[in-house]
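Trainee: Could you walk me through the places where the ligands sit? I'd like to see how each label is earned.

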Amino acid sequence: MTAVYEPSCEPSYEPWDETRGAEIIAEHAGQEGATLVILHALQEAFGYVPEAAIPMVAQALNLSRAEVYGVFTFYHDFRHKPAGRHVLKLCRAEACQAAGGDALAARAEAMLGVSLGNTTADDRVTLEPIYCLGLCSTAPSAMLDGRLVGRLDEKRLDALVAEAQR
Amino acid sequence: MKMRIFVPRDATAVAVGADEIVTAFERVAETRGLPIEIVRTGSRGLHWLEPMVEVATLKGRVAYGPVSAEDVASVFESMASNGPHALRLGIADEIPWLKRQTRLTFARCGVIDPRSLEDYRAHGGYKGLERALSLGSDTILAEVTASGLRGRGGAGFPTGIKWKTVAQAKADRKFIVCNADEGDSGTFADRMIMEGDPFLVIEGMTTAAITVGATKGYIYIRSEYPHAVEAMNAAIKAAKRGGYLGDKIGGSTFGFDLEVRVGAGAYVCGEETSLLESLEGRRGIVRAKPPLPAHHGLFGKPTVINNVLSFAAIPFILAEGAKAYADFGMGRSRGTMPIQLAGNIRQGGLFETAFGVTLGQLVDDIGGGTFTGRPVRAVQVGGPLGAYFPRTLFDTPFDYEAFAARDGLIGHGGIVVFDDSVDMRKQARFAMEFCAVESCGKCTPCRIGSTRGVETIEKIINGERVIENLALVEDLCNTMKFGSLCALGGFTPYPVLSALKHFREDFAPIPTTLQAAE
Ligand SMILES: Cc1cc2nc3c(=O)[nH]c(=O)nc-3n(C[C@H](O)[C@H](O)[C@H](O)COP(=O)(O)O)c2cc1C
Ligand code: SF4
Ligand code: FES
């Protein structure tokens, strides 16, 4: 089975559980070069990659812990701890910059009181930069919990932030 | 007769409200008691008109756009009565922006149901593979070589030669890898074809497999493209069910299996050797070449690794013959290029045309200038590693060599337009920043040089010893250009140096002391 990677609009995650973790790892361990597949699957289930899962992955794939940890930290996607209840990603790449994305990013930071890459104190919203969603012809672009938004302007951004804060 | 309405499921259309429109159509149709059938297609690429919806009529499909949920009731009325409407664009195929194109690769994109193998076949799908199966490896290689197809992922390496190398390699296993990492800003053609015509990619990869003798393929898609992942997975399932993947493809003796793998947010994993490392489950660190992936690729086996659009060009070449493809283009750039118009542009979207059209035509005429209505000042071509072009270079024809001759690159065919409010110091700093964040870390000029580059440009922006620091940036760029292992560190100087060269006024304003002295 390939990992099913579906955009979920209402993220809901299971609490970390060793047995469940082992199950997920076993499900994918037979695939060639399975490290990323497994890390994705763990994050899909728990919302992040729990520290405790790293040695389990290493054992299942016959790798050293350092190797798995190295993979885990190399990629921007993998989280060390759970994100906020909602994740708002703003595209910071050139096409979105050209279309006024810089000012919108600054506005979102001001509204949420956190800078890009951080989670609000109430754990509700994680605000993250993303480098191109492939919507560059209807820039600027955003993604709220897997839902895409194009032609972002102040009004749409404000609505998105309000939705994320709910 | 049920009314057939077509609404794109393409990510761009969805991002501007296509899903809401589907709901609205269903509601209106129900209240009106008129049965409808909604077909979710890809996008035709006229993105400023998205969501663009179409209705089947006896004369052809009639398009409306850009439609918002509030427009749906009146659009529906117009569809049902074939009456006028402010958003009515006429017969879709006759829209001038579409008619001006030469759609070889994107012919079906936006037209067919991307989930339906039957629809794909009804529109000429799998003709290329059927012919390939009757030709045999040597003849296919001759066709692909004669077509002049060069890899569409950026470097422009001849596809025929790459395939031949793998075909001649002896090994117990060989692989086909599709590079669907498309991390460049301003590019979305890979995403569009995966979402709008996924069987085309599968057909191209399958053709490569039977040519070189590979039995397994991977499509490595970036995680930022969940919709493309879903579309490819659905198509792979349907192709398996239809006998086009798995054992005995199309009734032949060939077997080929395909799997989607999802990246994890690393730009450098678009570089082919780094991608292979990532597929093998490791950190995406660039490998030194040689050995080439063609000899020593995925899991150490001979591997064809091509961009999505390179594979997607194959079925046409085999179905219609190499010459039909090579007849388009200029110089050593043969065939068509799906050009992507993005950023601050009035008519953004995907425009497939033969090589040779000028940059100015693309930006001013086809793109219609900026959407802010301000003058175009700079255009970045070829993604974050591409040069910034000023208006004075707008006569450059879209061609690999012509762009290289002007210290630029066409890369994956993305064009990002900036108006006159752009601050080129910020763009130069961003290029360095991007390199610093995305560097795989293997070589010093890229890893450390980019960080020093950010700091130095920062100083220039703050007015610190501007002239000396400008010289320092140029020196640093040279070190990166010649001392980096791959194009991430090696090409970051392109946006930086082009900004310095063509937009010098942004960097070194005449010092105020000098002005006072005059
Ligand atoms: C930093 C970097 C990123 C790249 N990103 C991509 C990419 O996203 N997609 C792609 O097809 N090629 C990308 N390339 C080019 C690939 O290394 C390679 O040339 C290409 O996949 C070969 O396929 P082609 O011959 O069909 O173009 C990138 C190269 C570099 C140096
Ligand atoms: S140039 Fe940069 S990305 Fe490329 S191999 Fe060197 S460190 Fe890695
Ligand atoms: S640059 Fe923002 S979506 Fe491509």
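Mentor: Happy to! A cavity is a set of grid points where a 1.4 Å probe fits but cannot get out. Keep in mind that this is a predicted model.

Trainee: What makes the space taken by ligand 2 a cavity or a pocket, and what is its rank?

Mentor: A pocket is open, whereas a probe cannot get out of a cavity. The space of ligand 2 is ranked as the second largest cavity, so a probe placed there cannot get out.

Trainee: Which residues come closest to ligand 2?

Mentor: Among its 13 surrounding residues, the closest are B:Cys440, B:Lys442, B:Cys443, B:Cys446 and B:Cys486. The shell has 8 nonpolar, 4 polar and 1 charged residues. Cys counts as nonpolar and Lys as charged, so B:Lys442 is the charged one.

Trainee: And what is the space taken by ligand 1 called?

Mentor: That space is the second largest pocket. Around ligand 1 there are 18 residues, with B:Lys162 and B:Asn306 among the nearest. They divide into 4 nonpolar, 8 polar and 6 charged.

Trainee: Why does B:Asn307 make a polar contact with ligand 1?

Mentor: The cut-off is 3.5 Å between N or O atoms. A polar side-chain atom of B:Asn307 lies 2.8 Å from an oxygen atom of ligand 1, so the pair qualifies. A backbone N or O atom of B:Gly270 lies 3.3 Å from a ligand 1 nitrogen, so that pair qualifies too. The protein buries 91% of the 620 Å² that ligand 1 exposes when taken alone.

Trainee: Which element gives the most to that shell?

Mentor: That is β9(B), with 3 residues.

Conventions. Residues numbered from 1 in each chain as written. Chains lettered and ligands numbered in written order. Predicted model: local features only at pLDDT ≥ 70, side-chain atom pairs only at ≥ 80, totals over all residues. Heavy atoms only, no water. Near = heavy atom within 4 Å. 1 Å grid on protein atoms, 1.4 Å probe; cavity = no way out; pocket = protein on both sides within 12 Å on 5 of 7 lines; lining within 4 Å. Sits in = over half its atoms within 2 Å of the grid points. Polar contact = N/O pair within 3.5 Å; in protein donor to acceptor, adjacent residues only side chain to side chain. Areas by Shrake-Rupley, 256 points an atom, 1.4 Å probe, with all protein chains shown as cover. Helix = DSSP H or I, 4+ residues; strand = E, 2+ residues; numbered from the N terminus.
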